[in-house]
Amino acid sequence: MAARTTAQARAGKPAPKAGAAKIPQLAWHQVRPAPVVLVSGTETFLAERAIRSLRDFLKLEDPSLEVSDIQADSYAPGELLTLASPSLFGEPRLIRVSNVEKCSDTFLTEAIDYLQNPADDTYVVLRHGGGVRGKKLLDTIRSGVGGAVEVVCAELKKDSDKHDFATAEFRSAGKRVTPSALRSLVAAFSDDLAELSAACQQLIADTGAEVTETTVDRYYGGRVETNAFKVADSAIAGRLGEALVTLRHALSSGADPVPIVAAFASKIRTMAKLFGVRGGSAQLAATYSLAPWQVERAQRDLRGWSDDGLARCIVMLAETDAAVKGAGRDPIFALERLVTVIAKRGE
């Protein structure tokens, strides 16, 4: 299984360590068989992907694999032990347990007992989506009892993390993708990881050897054009007319002004970090916790900007943010004024 995820592992980030845990802490794409596999974290899509990957691997190893499902919040006494008991033909078993964060007291007791003596040729996957319920079970697992591993599926909040995710999707499929295509794709689907993955898979299946920005525009142009980052890109580049047209199209399509302001804030914040700074993209990325492509993009965006102009735009951003969140009478006017000031580089 490790061989199947090498490309993704290179593009991913190490899984976060969980305090004093004595068991391996793995990222979602590093999932591997163990008597007990704890899949923790709030990112449901990655958790489902990890569990599915484990099932597919075990099925490939032995097609006779018997797969069973348990709901921890509606658990029947003895259910786990019954499903884990050896069958007549001795086929391996995969038991998937969902809603462990809502588990019943009976499940909690029986699962802790099971850890003392896991069944042979049986893989129990426990999905815990967060919260304090089931903490005793989690602590027992993390102490090393039962020979478990933990797959940490934390939410991908940063654009750089989503960029790495999309990069891994294309890399694992052996498909080339240009940096500009990746940026457009991540910008268009930054709010939904499942949709981002589906878009990557469609482009992988339907396109030629390389995916370009033109390809992304052909497939998802309508979504990209109305995206908040598209508005921000046009304004920061000084294309006022294009920025206003794109903004009005986005708003008429139902876009919320708040995330549009957030998109501007994200880009202007990065520009402010890098204003007047010298160095290569890799070095600056490490220093400021950015991806190299973000550094390169911000350096391009900063051409023609002055210190005073950037400062004025930051002030205007704060005023507009307040206006679109209820402090102003006309959030649309405030947003159009922000676009105009930024397109004129704070003049």
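In the predicted model, Thr-270 is buried, with a relative accessible area of 13%, a value that falls under the 20% limit for burial. The residue is placed in helix 12, which covers residues 257–274. When residues up to four places away in sequence are not counted, Thr-270 touches Leu-290, Gln-294 and Ala-298. Of these contact partners, Ala-298 is also named among the members of a nonpolar core of 36 residues, together with Leu-247, Val-339 and Ile-342.

The chain as a whole contains 16 helices and eight strands, and its C-alpha trace spans about 75 × 45 × 40 Å along the principal axes. Of the 347 residues in the chain, 47% are buried. Among contacts with a sequence separation of 6 or more, 74% involve residues that are 24 or more positions apart. The chain is divided into domain 1 (25–152), domain 2 (159–221) and domain 3 (224–344). The centres of domain 2 and domain 3, taken over C-alpha atoms, are separated by 23 Å, and the contact between these two domains takes twelve residues from domain 2 and ten residues from domain 3.

The largest nonpolar core comprises 39 residues, of which Val-37, Val-39, Leu-46, Val-151, Phe-165, Phe-170 and Leu-185 touch the most other members. At least two residues of this core are supplied by each of strand 2 (36–40), helix 2 (44–61), strand 6 (148–152), helix 6 (159–172), helix 7 (179–188), helix 8 (193–206) and helix 9 (213–225). Helix 2 makes the greatest contribution to this core, with eight residues. Because domain 1 (25–152) and domain 2 (159–221) both give residues to this core, the core lies between them. The core of 36 residues that includes Ala-298 lies apart from this one. In soluble globular proteins, nonpolar side chains tend to be buried together. The surroundings of Leu-185 illustrate the packing within the largest core: with residues up to four places away in sequence not counted, Leu-185 touches Phe-170, Leu-196, Ala-199, Cys-200, Leu-203, Val-216 and Tyr-220.

A helix pair was examined in further detail. The axes of helix 13 (residues 281–288) and helix 14 (residues 292–301) come within 8 Å and cross at roughly 105°, which means that helix 13 is roughly perpendicular to helix 14. In this contact, Ser-281, Leu-284 and Ala-285 of helix 13 meet Pro-292, Val-295, Glu-296 and Gln-299 of helix 14. By residue class, the participants in the contact of helix 13 with helix 14 divide into four nonpolar, two polar and one charged.

Several loop positions were also considered. Gln-30, found in the loop between strand 1 (25–27) and strand 2, is partly exposed, with a relative accessible area of 30%. Although Gln-30 and Val-152 are 122 residues apart along the chain, their C-alpha atoms are separated by 9.8 Å. Lys-158 occupies the loop between strand 6 and helix 6 and, at 48% relative accessibility, likewise counts as partly exposed. Lys-158 and Ser-190 are 32 residues apart in sequence, while the C-alpha to C-alpha distance between them is 9.1 Å.

Pro-77, by contrast, is exposed, with a relative accessible area of 66%, and has its place in the loop between strand 3 (66–71) and helix 3 (79–84). Once the neighbours within four places in sequence are left aside, Pro-77 is in contact with Thr-106 and Glu-110. Pro-77 and Phe-107 are 30 residues apart in sequence, with 7.3 Å between their C-alpha atoms.

Backbone geometry was noted at two further loop residues. Asn-99, which lies in the loop between strand 4 (93–98) and helix 4 (105–115), has a phi near 60°, a positive value in a residue other than glycine. Asp-121, located in the loop between helix 4 and strand 5 (122–128), is likewise not a glycine and has a positive phi of about 55°.

Note on methods: Residues are numbered from 1 along each chain as its sequence is written. This is a predicted model: local features need pLDDT of at least 70, side-chain atom pairs count only at pLDDT 80 or more; totals for chains, interfaces and linings use all residues. Side-chain values use heavy atoms; hydrogens and water are left out. A nonpolar core is a set of buried Ala, Val, Leu, Ile, Met, Phe, Trp, Tyr and Cys residues joined through side-chain atoms within 4.5 Å. Buried means under 20% relative accessible area, exposed over 50%, partly exposed in between (1.4 Å probe, protein chains only). Helices (H or I, at least four residues) and strands (E, at least two) are DSSP runs, numbered from the N terminus. Domain bounds come from an automatic or database domain assignment. Contact means heavy atoms within 4.5 Å. Axes are lines fitted to C-alpha atoms, for helices over the stretch in contact, and angles run from 0 to 180 degrees between N-to-C directions. Angles under 35 degrees count as roughly parallel, over 145 as roughly antiparallel, 65 to 115 as roughly perpendicular and the rest as oblique. Ala, Val, Leu, Ile, Met, Phe, Trp, Tyr, Cys and Pro count as nonpolar, Asp, Glu, Lys and Arg as charged, and the others, Gly among them, as polar.
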